Structure formats: C-alpha cells, structure tokens
Amino acid sequence: MIVPFAAGGTADVLGRIVAQELGTLTGNQIIVENRPGSGGNIGADAVARGPADGSVLLLGTIGIHAASKIYKSLPYDPNKDLRPVTILAEVPNVLIVHPSVAAKDVKEFLALAREKPGALNFGSAGNGSSTHMIAELFKLKAKVDLTHVPYRGSAPALNDLVAGQIQLMVENLPTALPFIESGTVRALGVTSATRSPSLPSLPTIAEAGVPGYDATAWFTIAVAGGVPPATIEKLNADIRKILAEPEVIERFKKLGAAIVGNRVADAKEFVASETAKWNNVIEAAQIRID
C-alpha cells in the first residue's frame, strides 16, 4: 500500500489500520510505503503506472481524485489511470492556529486576517491536498487573503506550526487532535456542517462566522485503472468486511473518522460529485500549480 504523504498524518494512520486488518483477513503481508510529494501525486502516479493486478493499493485523497485540475499537467490521468475501490471514511478538518496568533475564535481571526491581508501563512500536506483545498474554500467563503505554504505531508507542516514558523492550518481533525489537547495549538472551529463528537464544545466555522461553509476530508483505497473489475470487487468486499469489525469501528471512531465503506459504483459516483465541487472551488479561487 502506497500512502502518498509523510508518516504521521491521518492518511498514514488510516492506511496502516486498513493494511494491518486486510493482511490478517487475506493472509498476505501488506507493506505500507510512504511516498510523499506533489500533493500526493508522486505516490499516486506510482500506483497508476504499477502492476494492474490489484497487488499495489493507494490511500487516495481529495487532492488525488478530485483536485487534479489545479495542475497544468500531470504524468497520469487520475480519472482514467486510477480506480477507487471504496471510500474509507470522512473526517472534519479543524482551523488551528499557533498560540501567538491574537485570535481566540473565528470572528477574531477573520478580523486579524482582514487587517493584514496575506500576512498569515497556512500550511498544508501539499498542493491540492484536502488540507489545502478545504483552506482555499475557507478563504473563498470568508473573503480573506492567506498565504499557502505546501509541505510533503501534514506531520512536517504541524511541526512548523507548533514551532511558530507558520501561523495556521486547516488540518484533518484526527491529526490535529493531540496538538489541540496538549495546548500546543489553538482550535477555532471545525469545517463540517455539524460539531464533532471529538470536540463537542468547539463550534463549526459556519456557526462561528462563515455561514454556508461546509467541507470534510475523505480517503479512498484505490488501484491502477487497468485492474480487472472482478479483482476490484473482491477488494471492495474484503475492505468493507474489515470496516464492519467492532475493533476497526472503534479505532476509526477514536480518530474522529466516520466510516463510509461503500460499494465500487457508489465510490465512483461520490468521486465524480466531489470532483465537480472542487473544480468549482479551483476555478473560483483561480488556483493553478505548474
């Protein structure tokens, strides 16, 4: 399984849970390889160009499946060269800031950002990643100017946030939660339409000052486009079986991740819908990466 981001982020944690359980179910050893870079597209390209027999899996994200339009060109076509097996889970993101940022809530943050356009830097797991795109939607809805600093995964970006090298992130909640609980970052709001059970006292960004704002990150298991349909369906059945296990449900729940585990056709339809949504954001925000 290729996880196309640095170790330690939500994608990495979810990928390792699935790899471990899928290996136990099938009797195969599944090796997880982190191959970060280019918003996940380096790892995704390796899967797309790999053997078309289902032996190489990809932990996919918004950036890979639904936001490729930000790039002028890619060495592969995500819509043709990758096939989602299932949507694993959805997670809310959370707006977090370094404690030095003089904002205790979303409204104070918006006032600060509008007072100093472009002065606040936000980190992400890379260009086109969910942490990038959900932040861009925030900028668009809130009408604020923030400067994007892409990293090769969430973990190195969070390290710089804790060190004060950047001022904020709109990070996946499972990855951000330990930092919030330790007080090394301050949480201002969650990106989903409803509050998260993991942080029930934290308001949504929509209710805290940006009406209509709603976005969640999601993760897939995907394979190369040429993998036979029967192989994809077998993988789908195996993955949905492990996602129904009480232990796996509990592990995902502790991470703040809502299990989806849908069928192949439903996953394809979901990705198409999300691609249209994020293409609209890309066009409206005029995001382009060489």
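**Exercise 1. The largest nonpolar core**

Task: In this predicted model, find which residues of the largest nonpolar core touch the most other members, and which strand gives the most to this core.

Solution.
- Step 1. The largest nonpolar core holds 74 residues.
- Step 2. Those touching the most other members are Phe109, Met133, Phe138, Leu146, Ile221, Phe252 and Trp278.
- Step 3. Strand E4, residues 82-97, gives the most to this core: seven residues.
- Step 4. Now list the contacts of Phe252, leaving out residues up to four places away in sequence. They are Leu14, Ile17, Val18, Ala89, Leu243, Ala257 and Ile259.
- Step 5. A second core of 17 residues is separate. Among its members are Ile96, Leu158, Ala176 and Leu177.
- Step 6. As background, nonpolar side chains in soluble globular proteins tend to be buried together.

**Exercise 2. Aromatic pairs**

Task: State how many aromatic pairs the whole structure contains, then classify the pair Phe109 and Phe138 and the pair Trp218 and Phe270.

Solution.
- Step 1. The search of the whole structure gives three aromatic pairs.
- Step 2. For Phe109 and Phe138, the ring centres are 6.3 Å apart and the planes meet at 40°. Planes under 30 degrees apart would be stacked and over 60 edge-to-face, so this pair is tilted.
- Step 3. Place the two rings. Phe109 sits in helix H5 (residues 106-115) and Phe138 in helix H6 (residues 130-142), so the pair ties together parts 29 residues apart in sequence.
- Step 4. Check burial. Phe109 has 0% relative accessibility and counts as buried. Phe138 is buried too, at 1%.
- Step 5. For Trp218 and Phe270, the centres are 5.2 Å apart, with 80° between the planes. This pair is edge-to-face.
- Step 6. Trp218 lies in strand E9 (residues 216-224) and Phe270 in helix H12 (residues 264-285). The pair links distant parts of the chain, 52 residues apart.
- Step 7. Trp218 is buried at 0%, whereas Phe270 is partly exposed at 22%.
- Step 8. Finally, group the rings: Phe109, Phe138 and Tyr213 make one aromatic cluster.

**Exercise 3. A glutamate in H6**

Task: Decide whether Glu136 is buried or exposed, and name the residues that Glu136 touches.

Solution.
- Step 1. Glu136 belongs to helix H6.
- Step 2. Its relative accessible area is 7%. The cut-off for buried is under 20%, so Glu136 is buried.
- Step 3. Leaving out residues up to four places away in sequence, Glu136 touches Phe122, Ala285 and Ile287.

**Exercise 4. Helix H10**

Task: Compare the expected span of helix H10 with the distance between its end C-alpha atoms, then find what its buried residues pack against.

Solution.
- Step 1. H10 covers residues 229-243, 15 residues in all.
- Step 2. At 1.5 Å a residue, the helix should span 21 Å. The end C-alpha atoms are 21 Å apart, which agrees.
- Step 3. The buried residues are Ile232, Leu235, Asn236, Asp238, Ile239, Ile242 and Leu243.
- Step 4. An α-helix has 3.6 residues a turn, so residues three or four places apart point the same way.
- Step 5. The buried residues of H10 pack against helices H1 (10-26), H11 (246-255) and H12, and against strands E4, E9 and E10 (258-259).

**Exercise 5. Positive phi**

Task: Give the phi values of Lys143 and Gln286, and locate both residues.

Solution.
- Step 1. Most residues other than glycine have a negative phi.
- Step 2. Lys143 has a positive phi, near 60°. Lys143 lies in the loop between H6 and strand E6 (147-150) and is exposed at 69%.
- Step 3. Gln286 has a positive phi of about 55°. Gln286 is in the segment after H12 and is exposed, with a relative accessible area of 69%.

Definitions and conventions
Residues are numbered from 1 along each chain as its sequence is written. This is a predicted model: local features need pLDDT of at least 70, side-chain atom pairs count only at pLDDT 80 or more; totals for chains, interfaces and linings use all residues. Side-chain values use heavy atoms; hydrogens and water are left out. A nonpolar core is a set of buried Ala, Val, Leu, Ile, Met, Phe, Trp, Tyr and Cys residues joined through side-chain atoms within 4.5 Å. Buried means under 20% relative accessible area, exposed over 50%, partly exposed in between (1.4 Å probe, protein chains only). Helices (H or I, at least four residues) and strands (E, at least two) are DSSP runs, numbered from the N terminus. Contact means heavy atoms within 4.5 Å. Rings of Phe, Tyr and Trp (its six-membered ring) pair if their centres lie within 6.5 Å; planes under 30 degrees apart count as stacked, over 60 as edge-to-face and the rest as tilted. The expected span of a helix is 1.5 Å times one less than its number of residues.
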